[in-house]
Amino acid sequence: MLLNTASNEDVTLSDKQEVVFNWLNDELQLRVYADVYKGACDLLNRQSPGYIVFVCHAGRDLMNGLAPTVRGRKRLQAEYINFFDDLQNHWKDVWGAKGPNERDQTGKGHCIPYEICGKVKDMISEHKAGRLRPKEVAVLFYTTFLGYDENVEVPPNSIEEWLTTRQWFLDFTHLGEDDLPENVSTEIIQHFQTLDNLLHIAATSAFGRMRIINEILEETNE
């Protein structure tokens, strides 16, 4: 069992970040999200080995999970391992045949039985039920924390900014064989700052000013 020996007193946050941390920890009472946020801020400051991946994990989870958690929309986890364990017990190699010359002894080809198709269909349904589409999560954040009415469209530029930031975190969440781009250390600061600003606006209830600014921008661009 690993013990957390780090002290919160060792983490230095800016004044704005302290506001966000206290909002997450005290007002929302989401200690897990508060600690993940503080850890990400600390890693960005220290730039410890591997910090890019860890901060991207934190950014992704904050963007994917914070609003659904507050709204009580649990993200169901599809039981993929159990599904594939069961599927492989029923699967026949002939069903993976690549062409008409690869047939079983009955000559019926590789039609997959209805009950197997039903299992796949059920898993797809379970998968869909456990996930919110990125745009839906973005809208949920704005309507939950930034004062937008659910019947009023959130400005497209705001949604686009959210989706771009989320996708950037997602791109670097998992390790790959390729080296990280040279500019990744600069970009992660920019993208985390975008998330930081949104969280700070939510924490300070400054959504009214942001909405007015967005409406002015929308009118200017028309």
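# A tour of the helices and their contacts

Start with Gln 47, which is placed in the loop between H2 and H3. This is a predicted model. Gln 47 is not a glycine, yet it has a positive phi of about 50 degrees. The residue is partly exposed, with a relative accessible area of 43%.

Next, select Gln 29 in the loop between helix H1 (15–27) and H2. Here too there is a positive phi, of about 55 degrees, on a residue that is not a glycine. Gln 29 is exposed, because its relative accessible area is 64% and the cut-off for exposed is over 50%.

## The whole chain

Zoom out and colour by secondary structure. The protein has nine helices and zero strands. Read from the N terminus, the elements run α-α-α-α-α-α-α-α-α. The protein has 222 residues, and 35% of them count as buried. Switch to a surface display: the exposed area is about 14800 Å², with carbon and sulfur atoms supplying 51% of it. If you draw a contact map, consider the contacts with a separation of 6 or more; residues 24 or more positions apart account for 70% of these.

## H2 against H3

Two packed helices are described by the angle between their axes and the distance between the axes. Select residues 31–46 for helix H2 and residues 51–70 for helix H3. Their axes come within 9 Å and cross at roughly 150 degrees. H2 and H3 are therefore roughly antiparallel to each other, since angles over 145 degrees are placed in that class. The crossing of H2 past H3 is left-handed.

Now show the side chains. On H2, the residues to display are Tyr 33, Val 36, Tyr 37, Ala 40, Leu 43 and Leu 44. On H3, they meet Tyr 51, Phe 54, Val 55, Ala 58, Asp 61, Leu 62, Gly 65, Leu 66 and Thr 69. Sorted by class, the residues of this contact between H2 and H3 are 12 nonpolar, two polar and one charged.

## H2 against H8

Keep H2 on screen and add helix H8, residues 184–203. H2 and H8 pack at an angle of about 145 degrees, and their axes are 12 Å apart. H2 passes H8 in a left-handed crossing. From H2, the contact uses Tyr 37, Ala 40, Cys 41 and Leu 44. From H8, it uses Ile 188, Ile 189, Phe 192, Asp 196 and Leu 199. The contact of H2 with H8 has eight nonpolar residues, no polar ones and one charged one. Tyr 37, Ala 40 and Leu 44 are listed in the contact of H2 with H8 and also in that of H2 with H3.

## H3 against H7

Hide H2 and bring up helix H7, residues 156–171, beside H3. The axes of H3 and H7 come within 8 Å and cross at roughly 140 degrees. H3 and H7 are therefore oblique to each other. H3 passes H7 in a left-handed crossing.

The H3 side of this contact consists of Cys 56, Gly 59, Arg 60, Met 63 and Asn 64. They meet Trp 162, Thr 165, Arg 166, Trp 168, Phe 169 and Leu 170 in H7. The residues of the contact of H3 with H7 divide into six nonpolar, three polar and two charged.

## Two stops on H8

Is His 191, in helix H8, buried or exposed? With a relative accessible area of 14%, His 191 is buried, because the cut-off for buried is under 20%. Leaving out residues up to four places away in sequence, His 191 touches Thr 164, Thr 165, Trp 168 and Phe 169. Of these, Thr 165, Trp 168 and Phe 169 also appear in the contact of H3 with H7.

Move along H8 to Leu 198. Leu 198 is buried, with a relative accessible area of 3%. For a distance label, pick the C-alpha atoms of Leu 198 and Phe 145: the two residues are 53 apart in sequence and 9.1 Å apart in space.

## Last stop: Trp 91

Finally, select Trp 91, found in the loop between helix H4 (80–90) and helix H5 (114–129). Trp 91 is partly exposed, with a relative accessible area of 35%. Label the C-alpha distance from Trp 91 to Ile 116: it is 8.1 Å, for residues 25 apart in sequence.

Note on methods
Residues numbered from 1 in each chain as written. Predicted model: local features only at pLDDT ≥ 70, side-chain atom pairs only at ≥ 80, totals over all residues. Heavy atoms only, no water. Axes fitted to C-alpha atoms, helices over the stretch in contact; angles between N-to-C directions. Helix = DSSP H or I, 4+ residues; strand = E, 2+ residues; numbered from the N terminus. Parallel < 35°, antiparallel > 145°, perpendicular 65-115°, else oblique. Left-handed = near helix turned anticlockwise from the far one by under 90°. Contact = heavy atoms within 4.5 Å. Nonpolar A, V, L, I, M, F, W, Y, C, P; charged D, E, K, R; others polar. Buried < 20%, exposed > 50% of the residue type's maximum accessible area, 1.4 Å probe, protein only. Areas by Shrake-Rupley, 256 points an atom, 1.4 Å probe, with all protein chains shown as cover.
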